[in-house]
Amino acid sequence: MQEWLAVARQRSVVLRACKYAVVVGAVLITINHGDALLAGDVDLRRLLKMGLTLLVPYAVSTLSSVGATLALRRAADGTR
């Protein structure tokens with residue numbers, strides 16, 4: 001678990017996840033909240049949901065990057 005967290009906090013992993021969160025999150029926000037944004041129907045609850053929407057691609061990217069990094073390390077070490 002410590003190794004996983006160490007990789008997840010690496011600058012390259014965090015920056016990659018942030019980039020994906022912004023791009024994919026913007027698409028998801030547009031799909032899920034675009035009509036409300038156009039109508040000006042944005043309250044605190046909706047803003048919170050939009051913020052949470054950004055966490056989904058961040059989490060997916062982080063999980064993927066950490067998994068790939070650890071798999072490469074294991075392959076290089078000759079372990080499973």
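1. Let's start with methionine 50, which sits in helix 3. This is a predicted model, so read every value here as computed from it. Methionine 50 counts as buried, because its relative accessibility is 10% and the cut-off for buried is under 20%. Setting aside neighbours within four places in sequence, its contacts are Ile29, His33, Leu37 and Val42.

2. One of those contacts deserves a second look. Methionine 50 and histidine 33 are 17 residues apart along the chain, and their C-alpha atoms are separated by 7.9 Å. Histidine 33 is also the centre of a kink of about 75 degrees in helix 2. If you are scrolling through the model, that's a good place to pause.

3. Leucine 37 is another partner of methionine 50, and it lies in helix 2. Its relative accessible area is 39%, so leucine 37 is partly exposed. Beyond residues up to four places away in sequence, leucine 37 touches Ile29 and Val42 as well as Met50. For a sense of scale, try glutamate 3: leucine 37 is 34 residues from it in sequence, and the two C-alpha atoms are 41 Å apart in space.

4. Now for the helix pair itself. Helix 2 covers residues 11–39 and helix 3 covers residues 44–77. Their axes are 7 Å apart, and they pack at an angle of about 145 degrees. The crossing of helix 2 past helix 3 is right-handed. Sorted by class, the contact between these two helices has 17 nonpolar residues, six polar ones and three charged ones.

5. Which residues of helix 2 are buried? They are Val13, Ala17, Ala21, Gly25, Ile29, His33, Gly34 and Ala36. Helix 3 is part of what covers them, and so is helix 1, residues 2–8. Note that His33, the kink centre, is on the buried list. Just after helix 2 comes glycine 40, with a positive phi of about 75 degrees.

6. Next, threonine 62, whose place is in helix 3. Is threonine 62 buried or partly exposed? It counts as buried, because its relative accessibility is 8%. Leaving out neighbours within four places in sequence, threonine 62 is in contact with Trp4, Ala8, Val13 and Ala17. Of these, Val13 and Ala17 are among the buried residues of helix 2.

7. The contact with alanine 8 leads on to the core. Not counting residues up to four places away in sequence, alanine 8 touches Val13, Val14, Thr62 and Val66. The largest nonpolar core is made of five residues, namely Val7, Ala8, Val13, Val66 and Leu70. At least two residues of this core come from helix 1, and at least two from helix 3. So where should you look for this core? Try Ala8, since two of the residues it touches, Val13 and Val66, are core members too.

8. Last, a loop residue: glutamine 10, found between helix 1 and helix 2. Its relative accessibility is 28%, which means that glutamine 10 counts as partly exposed. Glutamine 10 and valine 66 are 56 residues apart along the chain, with 9.5 Å between their C-alpha atoms. Valine 66 is one of the core residues from point 7.

Methods
Residues numbered from 1 in each chain as written. Predicted model: local features only at pLDDT ≥ 70, side-chain atom pairs only at ≥ 80, totals over all residues. Heavy atoms only, no water. Axes fitted to C-alpha atoms, helices over the stretch in contact; angles between N-to-C directions. Helix = DSSP H or I, 4+ residues; strand = E, 2+ residues; numbered from the N terminus. Left-handed = near helix turned anticlockwise from the far one by under 90°. Nonpolar A, V, L, I, M, F, W, Y, C, P; charged D, E, K, R; others polar. Buried < 20%, exposed > 50% of the residue type's maximum accessible area, 1.4 Å probe, protein only. Contact = heavy atoms within 4.5 Å. Bend = angle between axes of the 7 residues up to and from the residue. Core = buried A, V, L, I, M, F, W, Y, C linked by side-chain atoms within 4.5 Å.
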